[in-house]
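User: I would like to go through the labels attached to this model and see, for each of them, which value stands behind it. Could you set each value against its cut-off and then conclude?

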Amino acid sequence: MANTILVGAQWGDEGKGKIIDVLTEEADVVVRTQGGNNAGHTVFIGSQKYILHLVPSGILRPNKTCVIGNGVVIDPISLVEELDGLIRLGVAIDGQLFVSETAHLVFPYHRMLDEQREVLKGKNKIGTTKRGIGPAYGDKAARTGIRMVDLANPKRFATLLEQRIEEHNGVLRALGAPPLSFEEVHAAYRAAGDRLKPFIVNTVFLLHDAMRRGANILFEGAQGTFLDIDHGTYPFVTSSNTTAGGACTGSGIPPNRVDRVVGVVKAYTTRVGEGPLLTENAEIADLLHGMGREFGATTGRPRRCGWFDAVATRHAALVNGLDELTVTNLDGLDTIESIKVAVAYRVGDTQYDHVPSDVEVLSQCEPVYREFPGWRAPTNQVRNWQQLPAPARSYLEAIAELTGAKLTIVSVGPSREQTIFL
Ligand code: GDP
Ligand code: IMO
Ligand code: MG
């Protein structure tokens, strides 16, 4: 298959989990490289639904090596719960999962700070998943983080945790939140650390060893391009590099070992949390929510929905170097008479063909739309390109061309079988 980075090219929840599951068939190793349990990747196998948060979606196929790389921030208690849930469903973990010893840990004070900062921001809140992701990456950048390798060293872990809790308790008290007990956090984290110990290794060498043996590596992106800390709609973003470059720093695999970059998009746009969404449309939201679709896999929040935004996906093609495009949820548009696509943004006399960096400018923009005729026929039973209604093919060809990447996969339903390869 070649080493492949798969990224979300919109605002997250593009259907990465489903496509990772499909592509894993030809991969040997699947690696998560950024984000944490803010991610929620849904995979259906038959009627069984799995939601992965920290564990790579590749774990659902037997004999695939799955790696949680150094760039991920890990809440060890949440990871143990996720593993227990998978084991209960009969998924094999032992010998297949490896966790980086240099990944940073998420602590209860990170979650509490995340929550308190959102309260303080009031109407300007980000709408985070409240999983402590921002404060955990903040500690990493400030060089005050605690890593897996520390958790594995009881004496050092106790010393570091005591210092960190003392420092964060000062901040929590000032914010009116209850302080944390060192003993309680320490006991819970040591127990989780003992459970995770067999999985913790130097994943950089593991990955390079696998490559030397000719393994194909699939990088499972989390979140999406416009939630990237550098390239997203700052400050309405997450705290990691969700774009293709993050896959290299978050794994220790250099850029010249990457063979292709695949972008995943929905046939329309969704966003969960605050921040601008220019193509937002109440009719599409009502339609999809009415079908029981577009509720967050991690928080259950209804996702905001809108038309496909080709300005954004073209921008995503640029910063990720997208070679290929995978379009999911085509079936979500099956009943729509006329489908709009944003092809430019306009504010006053200024026209943009990329997403402006200043979120205030972006918020003032109006999308310039091109309209496409709908197909008004169900697509969820379609299994090959020729069977798709002609207007659906035209629509897909147009959004791939506007994005500037080669269309290679179309998904018409959540299951493995509902996948069309071009
Ligand atoms: P991820 O975070 O990118 O992995 O995406 P999520 O799992 O959070 O959200 C995508 C949702 O779309 C999930 O409920 C998937 O089961 C579902 N899904 C993925 N592809 C398709 C598709 O082609 N059609 C339909 N109907 N659902 C899909
Ligand atoms: P997957 O991998 C969609 C959003 C949150 C919020 C912002 C910051 O399933 O696509 P955070 O908790 O990261 O500090 O929240 O980012 N967000 C996601 N939105 N899909 C995700 O992951 C997301 N992870 C974070 O809603 O707007
Ligand atoms: Mg998701």
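Analyst: The questions below take up ring pairs, burial, strand pairing, the metal site, the backbone, the cysteines and a ligand in turn, and the model they concern is a predicted one.

User: What makes the pair of Phe107 and Tyr109 a stacked one?

Analyst: A search of the whole structure finds six aromatic pairs. For Phe107 and Tyr109 the centres are 5.3 Å apart and the planes make an angle of 15°. Since ring centres have to lie within 6.5 Å to pair, and planes under 30 degrees apart count as stacked, both values meet their limits, and the pair of Phe107 and Tyr109 is therefore called stacked.

User: Why is the pair of Phe107 and Phe157 called stacked, and where in the chain do its two members lie?

Analyst: Here the centre-to-centre value is 6.2 Å and the angle between the planes is 25°, so that the distance is within the 6.5 Å limit and the angle is under 30 degrees, and the pair is stacked. The two residues belong to distant parts of the chain, 50 residues apart, with Phe107 in the loop between β8 (104-105) and α3 (108-121) and Phe157 in helix α6 (residues 154-174). Through ring pairs, Phe107, Tyr109, Phe157 and Tyr189 are linked into a cluster.

User: How do you know that Phe107, Tyr109 and Phe157 are buried?

Analyst: The label buried is given under 20% relative accessible area. Phe107 has a relative accessibility of 0%, Tyr109 has a relative accessible area of 1%, and for Phe157 the value is 0%. Each of these values is under the cut-off, and therefore Phe107, Tyr109 and Phe157 are counted as buried.

User: What makes β5 and β7 a pair of strands, and what can be said of β7 and β9?

Analyst: Two strands pair if at least two bridges are found between them. Strand β5 (residues 65-68) is joined to β7 by three bridges, the two running parallel, and within this arrangement Val67 stands opposite Phe98 in β7. Between β7 and strand β9 (residues 200-201) there are two bridges, again in the parallel sense, and Val99 stands opposite Ile200 in β9. Both counts satisfy the rule, so β7 is paired with β5 and with β9. As for the side chains of β7 (residues 97-100), Leu97 and Val99 point one way while Phe98 and Ser100 point the other way, and all are buried.

User: How do you know that Asp13 and Gly40 coordinate the magnesium ion (ligand 3)?

Analyst: The donors are an OD atom of Asp13 and the O atom of Gly40, at 2.0 to 2.2 Å from the ion. A donor has to lie within 2.8 Å of this metal, and both atoms therefore qualify. Asp13, in the loop between β1 (4-8) and α1 (16-24), and Gly40, in the loop between β2 (29-32) and β3 (41-45), are 27 residues apart.

User: Why is Asp13 called partly exposed and Gly40 buried?

Analyst: Asp13 has a relative accessible area of 21%, which is not under 20% and not over 50%, so Asp13 is partly exposed. Gly40, at 11%, is under 20% and therefore counts as buried.

User: What makes the phi values of Asp13 and Gln223 worth listing?

Analyst: Phi of Asp13 is near 60°, a positive value in a residue other than glycine. Gln223, in the loop between β10 and α9, also is not a glycine and has a positive phi of about 55°.

User: How do you know that Cys248 is in no disulfide?

Analyst: The nearest cysteine sulfur, that of Cys66, is 19 Å away from that of Cys248, whereas a disulfide needs sulfur atoms within 2.5 Å, so Cys248 is in none. Under this rule the count for the structure is zero disulfides.

User: What makes the approach of Asp13, Gly40 and Gly127 to ligand 2 a set of polar contacts?

Analyst: A backbone N or O atom of Asp13 lies 2.8 Å from an oxygen atom of ligand 2, for Gly40 the value is 2.9 Å, and for a polar backbone atom of Gly127 it is 3.3 Å. Each distance is within the 3.5 Å limit, and therefore each counts as a polar contact.

How values were computed. Residues numbered from 1 in each chain as written. Chains lettered and ligands numbered in written order. Predicted model: local features only at pLDDT ≥ 70, side-chain atom pairs only at ≥ 80, totals over all residues. Heavy atoms only, no water. Phe/Tyr/Trp six-rings, centres within 6.5 Å; stacked < 30°, edge-to-face > 60°. Buried < 20%, exposed > 50% of the residue type's maximum accessible area, 1.4 Å probe, protein only. Helix = DSSP H or I, 4+ residues; strand = E, 2+ residues; numbered from the N terminus. Donors = N, O, S within 2.8 Å, 3.2 Å for Na, K, Ca; no water. Polar contact = N/O pair within 3.5 Å; in protein donor to acceptor, adjacent residues only side chain to side chain.
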